[in-house]
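The following account leads through a single protein model, beginning with its strands and ending with its backbone exceptions.

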Amino acid sequence: MRLILIRHGETQSNVDRLLDTAHPGAPLTAKGVQQAHDLVEAIADEKIDALFVSTLTRAQQTAAPLAVNRGLPATIIEGIHEIPAGVEEMSADWRAYVGMLESWSPTNMDAKLEQSESAREFMERFDAAIAAMEAEGHQSVAVVSHGAALRVWALAKDPGAARHVTGPLRNTEWIVLTGSSEQGWRVERWGPYSIADQSISA
């Protein structure tokens, strides 16, 4: 399957650098709405058979113009929402949150911030959502989700891609992976960058 993981458009929490991870989350700014409309043209070359969105408002707003353009329902699915900031929610100091995410590894799957979730819990719920998408039999699926969730999940599935990632995933940029939950995933694109010659890693 071809998996297109799209980050949502800009919110005021993004502008203010606040850790806004809880439901329902901030809506898109005027710029974010424009980014959502611009996404339609930016991603025009990608075949999309199905469109899934997270349970947070900003993801649903971002997906709306693409859904209309492609004539597809924007299906809300559990499990692809942002990694919770827990006690750091709405903080402008990202150090504890980012530090925890960067500490996650195959040997550190159960560490978490208070009132948040561990790497194990996050991966299990995101994996389950992707497996549910695969079960529908589509060849190319677009997913509108969130920056930390997409980055952590994609790099966990293809750790070698980290050598080629040069910056953050900006609003309405996307990651492309190919493969399957059974055979493993390979990152082919990260934002504007193409990633070639990667071996698939489970």
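Through how many residues does a hairpin join E5 to E6? The hairpin that links E5 to E6 does so through three residues. Helices (H or I, at least four residues) and strands (E, at least two) are DSSP runs, numbered from the N terminus.

The model is predicted, so local features need pLDDT of at least 70 and side-chain atom pairs count only at pLDDT 80 or more, whereas totals for chains, interfaces and linings use all residues. Residues are numbered from 1 along each chain as its sequence is written, and side-chain values use heavy atoms, with hydrogens and water left out.

In the protein there are six helices and seven strands. Their order from the N terminus is β-α-α-β-α-β-α-α-β-α-β-β-β. The seven strands form an open sheet of mixed pairing, in the order E3-E2-E4-E1-E5-E6-E7. Its edge strands are E3 and E7 (193-194), each of which pairs on one side only. Two strands are said to pair if DSSP finds at least two bridges between them.

Strand E5 (residues 174-180) has a neighbour on each side in this order. Strand E1 (residues 2-7) runs antiparallel to E5, and five bridges join the two; within E5, Thr178 is the bridge partner of Arg2. Strand E6 (residues 184-190) also pairs with E5 in the antiparallel sense, over six bridges, and here Arg186 of E6 is the bridge partner of Thr178. Because six of the seven residues of E5 are buried, this strand is largely enclosed by the rest of the structure. Buried means under 20% relative accessible area, exposed over 50%, and partly exposed in between (1.4 Å probe, protein chains only). Elsewhere in the sheet, E2 and E3 pair in the parallel sense over three bridges, with Thr75 in E3 as the bridge partner of Phe52.

Helix H3 (residues 57-70) has 14 residues and reaches 20 Å from its first C-alpha to its last, close to the 20 Å expected at 1.5 Å a residue; the expected span is 1.5 Å times one less than the number of residues. A kink of about 35 degrees nevertheless lies at Ala64, shortly before the proline Pro65. The bend at a residue is the angle between axes fitted to the seven residues ending there and the seven starting there. Among the buried residues of H3 are Arg58, Thr62, Pro65 and Leu66. The helix's buried residues pack against E1, helix H2 (30-42), and strands E2 (50-53), E3 (74-76) and E4 (140-145). Just after H3, Gly71 takes a positive phi of about 65 degrees.

Three further backbone features lie in loops. Most residues other than glycine have a negative phi, and most peptide bonds are trans. The peptide bond from His23 to Pro24 is cis, with omega near 0 degrees, and Pro24 lies in the loop between helix H1 (12-15) and H2. Met90, not a glycine, has a positive phi of about 65 degrees; this residue lies between E3 and helix H4 (95-103) and is partly exposed, with a relative accessible area of 40%. Gln115, also not a glycine, has a positive phi of about 70 degrees. Gln115 sits in the loop between H4 and helix H5 (119-135) and is exposed, with a relative accessible area of 63%.

Finally, the overall dimensions. Buried residues make up 50% of the 202 residues in the protein, and its C-alpha atoms fill a box of roughly 40 × 40 × 30 Å along the principal axes.

Methods:
Contact = heavy atoms within 4.5 Å.
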